[in-house]
Amino acid sequence: MLELYQFESCPYCRRVREKLSELEIDYIARNVRIGTPKWKEFSALNPNEQVPFLVDPDRGVSMEESAEIIGYLERVYGKN
Ligand SMILES: N[C@@H](CCC(=O)N[C@@H](CS)C(=O)NCC(=O)O)C(=O)O
C-alpha cells in the first residue's frame with residue numbers, strides 16, 4: 001500500500017491527499033512533524049527532509065515534490 005509522509009497543515013501535502021482521494025486510492029498516512037524524533041527517523045528515509053514524500057513499495061518507488069507525486073499518481077493509478 002502507498003505510504004504518504006506528511007503533516008496535516010502542509011498545503012503541498014493537502015494537494016497530494018486530495019489527488020489520492022480523487023483517484024480513490026487507499027494509503028497509509030505517516031504523520032511526521034518537523035523537529036520531532038519521528039521527523040529524525042523520516043530524514044533517514046528522505047535526507048532532503050521535505051514532505052509530502054510518497055513511498056510506493058509495490059513498485060520500489062519513492063519521491064518528493066507534490067507536482068511530481070501527483071503526476072506519478074495520475075500516470076500509474078489514473079483511471080484513463
Ligand atoms: N516544492 C515542494 C514544497 C514542499 C514543502 O515546502 N514542504 C514543507 C512543509 S509545507 C517542508 O517539508 N518543510 C520541511 C522543512 O522546511 O524542513 C512541494 O511542492 O512538495
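**Exercise 1. The two faces of H1**

Find which exposed residues sit on the face of H1 turned away from its buried side, then describe the buried side of this predicted model's helix.

*Solution.*
Step 1. Pro11, Glu18 and Ser21 are the exposed residues on the face of H1 turned away from its buried side.
Step 2. The buried residues of H1 are Cys13, Val16 and Leu20. Seen down the helix axis, these fall within an arc of 65°, so they line one face of H1.
Step 3. An α-helix has 3.6 residues a turn, so residues three or four places apart point the same way.
Step 4. Now look for the packing partners. The buried residues of H1 pack against strand E1 (2-6), strand E2 (27-31) and H3.
Step 5. Check the length. H1 has twelve residues, and its first and last C-alpha atoms are 16 Å apart, close to the 16 Å expected at 1.5 Å a residue.

**Exercise 2. Helix H3**

Test the span of H3 (residues 66-77) against 1.5 Å a residue, and locate its buried residues.

*Solution.*
Step 1. H3 has twelve residues, which should span 16 Å; the end C-alpha atoms are 16 Å apart, so the two values agree.
Step 2. Ser66, Ile69, Ile70 and Leu73 are the buried residues of H3. They cover an arc of only 100° around the axis, which puts them on the same side of H3.
Step 3. Turn to the other face. Ala67, Glu68 and Arg75 are exposed there, away from the buried side of H3.
Step 4. The buried residues of H3 pack against helix H1 (11-22), E3 and E4.

**Exercise 3. The E3–E4 hairpin**

State the sense in which E3 and E4 pair, and find the residue of their hairpin with a positive phi near 60°.

*Solution.*
Step 1. Strand E3 (residues 53-56) pairs with strand E4 (residues 61-64) in the antiparallel sense, over four bridges.
Step 2. Take leucine 54 as a register mark. Its bridge partner in E4 is methionine 63.
Step 3. Four residues lie between the strands of this hairpin, and glycine 60 takes the positive phi near 60°.

**Exercise 4. Unusual backbone in the loops**

Locate the loops that hold glutamate 24, glutamate 65 and proline 52, and give the backbone feature of each.

*Solution.*
Step 1. Glutamate 24 is in the loop between H1 and E2. Its phi is near 55°, a positive value in a residue other than glycine. Glutamate 24 has 8 C-beta neighbours inside 10 Å, so it counts as exposed.
Step 2. Glutamate 65 lies in the loop between E4 and H3. Its phi is near 75°, again positive in a residue other than glycine. Glutamate 65 has 16 C-beta neighbours inside 10 Å and therefore counts as partly exposed.
Step 3. Proline 52 is in the loop between helix H2 (37-45) and E3. The peptide bond from valine 51 to proline 52 is cis, with omega near 0°.

**Exercise 5. Around the ligand**

List the residues around the ligand and sort the shell into nonpolar, polar and charged.

*Solution.*
Step 1. The residues around the ligand are Cys10, Tyr12, Ile34, Glu49, Gln50, Val51, Pro52, Glu65, Ser66 and Ala67.
Step 2. Six of the shell residues are nonpolar, two are polar and two are charged.
Step 3. Link this with the earlier exercises. Val51 and Pro52 are in the shell, and the peptide bond between them is cis. Glu65 is in the shell too, and has a positive phi. Ser66 also belongs to the shell and is one of the buried residues of H3, whereas Ala67, another shell residue, is exposed.

Technical notes. Residues are numbered from 1 along each chain as its sequence is written. This is a predicted model: local features need pLDDT of at least 70, side-chain atom pairs count only at pLDDT 80 or more; totals for chains, interfaces and linings use all residues. A residue is near a molecule or strand if its C-beta atom, placed from the backbone, lies within 6 Å of it. Ala, Val, Leu, Ile, Met, Phe, Trp, Tyr, Cys and Pro count as nonpolar, Asp, Glu, Lys and Arg as charged, and the others, Gly among them, as polar. Two strands pair if DSSP finds at least two bridges between them. Helices (H or I, at least four residues) and strands (E, at least two) are DSSP runs, numbered from the N terminus. The expected span of a helix is 1.5 Å times one less than its number of residues. A residue is buried if 20 or more other C-beta atoms lie within 10 Å of its own, exposed if 12 or fewer, and partly exposed in between; C-beta atoms are placed from the backbone. The arc is that of the directions from the helix axis to the C-beta atoms. Two residues are in contact if their C-beta atoms, placed from the backbone, lie within 7 Å.
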